[in-house]
Amino acid sequence: FFLDADDSLSAETVENVTSFFDEVEDEVDLVTYPILYLNAKTGKTHGHKRTRWLKETGVYDLGEYPWIAQTTMNVCVKNMDADQILFERSLKMGEDQLFITTYLKNRAAIGFCEDAEYVYVKDGTNSSSKGNNPLYAFDDMIYLYSSLLEIGAEQPRMQRYAYQTVLYNIDWRLKSNLLFPIYAVGEKRAFEEERLGAVLEQIPA
């Protein structure tokens, strides 16, 4: 399991997720569960958009459900012993998404346990707020997108999932004005836009 210092798990999460994982460990290497976003200032909460597809406890084939785009760390992963999958430590941003997608690659399936909850505190001061700025993150973004597409190319059942995960990332960055490197001008701007364009050209319309 993974848990940031300012977040929390519901009391039954560990027991329920691990019990479900025991039932499906021959089918999946990773199980996810609901994430709830908590606004620390207002006390209001809301769920993640992926719950539109992940509604019931079960195993979901990513060839059939490519829109899931599991990008947050509300996951439990299998211990692979000598073949353990590790985080790409050179990345400042996106290492979680790459880690998760790499974990999903071999089986192209994800487990979901509905009777659990990860509470993610959003107060605007977490470490990712500044790091998400393209000034710091653009190189990592391009590396992440390219790596996700490579996984999709290696595992055909993961291809549409890889496309969707890249597009999901680009979507929220556009909405948050965190996609384009506004610090870049002239030839530098053209160069950075060309890099992003090369990624997008690999995704069918």
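These legends describe close-up views of side-chain contacts in a predicted model.

**View 1. Tyr37 and Tyr120 form an edge-to-face aromatic pair.**
The structure holds 8 aromatic pairs. In the pair shown here, the ring centres of Tyr37 and Tyr120 are 5.4 Å apart, and the planes make an angle of 75°. Tyr37 belongs to strand 3 (residues 35-39) and Tyr120 to strand 8 (residues 118-122), so the contact ties together parts that are 83 residues apart in sequence. Both Tyr37 and Tyr120 are buried.

**View 2. Phe87 and Phe99 form a stacked aromatic pair.**
The planes of Phe87 and Phe99 stand at 5° and the ring centres are 4.0 Å apart, so the pair counts as stacked. Phe87 sits in the loop between strand 6 (75-77) and helix 2 (95-105), while Phe99 is in helix 2, and the two are 12 residues apart. Phe87 is partly exposed, at a relative accessible area of 31%. Phe99 is buried, at 4%. Phe87 and Phe99 belong to one aromatic cluster together with Phe2 and Tyr103.

**View 3. Cys76 and Cys113 are not joined by a disulfide.**
A search of the whole structure gives 0 disulfides. The cysteine sulfur closest to that of Cys76 is in Cys113, 9.9 Å away, which is too far for a bond. A disulfide would need the two sulfur atoms within 2.5 Å. Seen from the other residue, the nearest cysteine sulfur to Cys113 is that of Cys76. Cys76 is buried, with a relative accessible area of 7%. Cys113 also counts as buried, at 3% relative accessibility.

**View 4. A salt bridge joins Asp29 and Arg107.**
The whole structure contains 11 salt bridges. In this one, the side chains of Asp29 and Arg107 meet at 3.1 Å, N to O. Asp29 lies in the loop between helix 1 (13-24) and strand 2 (30-32), and Arg107 in the loop between helix 2 and strand 7 (109-112), so the salt bridge ties together parts that are 78 residues apart in sequence. Asp29 is buried, at 5% relative accessibility. Arg107 is partly exposed, at 30%.

**View 5. Asp171 and Lys175 form a salt bridge within helix 5.**
The closest N and O atoms of Asp171 and Lys175 are 3.2 Å apart. Both residues lie in helix 5 (residues 159-175), with a separation of 4 residues, about one turn of the helix. Asp171 is partly exposed, with a relative accessible area of 28%. Lys175 is exposed, at 65% relative accessibility.

**View 6. Lys188 and Glu192 form a salt bridge within helix 6.**
The side chains of Lys188 and Glu192 meet at 3.1 Å, N to O. Lys188 and Glu192 are 4 residues apart in helix 6 (residues 186-200), about one turn of the helix. Lys188 is partly exposed, with a relative accessible area of 40%, whereas Glu192 is buried, at 1%. Through salt bridges that share partners, Lys188 and Glu192 are joined with Asp139 and Arg195 into one network.

**View 7. Leu135, Tyr136 and Tyr183 make up a nonpolar surface patch.**
Together, Leu135, Tyr136 and Tyr183 have about 290 Å² of accessible area. Leu135 is placed in helix 4 (residues 134-154). The relative accessible area of Leu135 is 48%, and this residue is partly exposed.

**View 8. Thr72 and Arg50 are joined by a polar contact.**
The contact runs between the side chains of Thr72 and Arg50, at 3.0 Å. Thr72 is found in the loop between strand 5 (58-61) and strand 6. Thr72 counts as buried, at 16% relative accessibility, because the cut-off for buried is under 20%.

How values were computed:
Residues numbered from 1 in each chain as written. Predicted model: local features only at pLDDT ≥ 70, side-chain atom pairs only at ≥ 80, totals over all residues. Heavy atoms only, no water. Phe/Tyr/Trp six-rings, centres within 6.5 Å; stacked < 30°, edge-to-face > 60°. Buried < 20%, exposed > 50% of the residue type's maximum accessible area, 1.4 Å probe, protein only. Salt bridge = Lys/Arg side-chain N within 4 Å of Asp/Glu carboxyl O. Patch = residues over 30% accessible without salt bridge, like charges linked within 9 Å, V, L, I, M, F, W, Y side chains within 5 Å. Areas by Shrake-Rupley, 256 points an atom, 1.4 Å probe, with all protein chains shown as cover. Polar contact = N/O pair within 3.5 Å; in protein donor to acceptor, adjacent residues only side chain to side chain.
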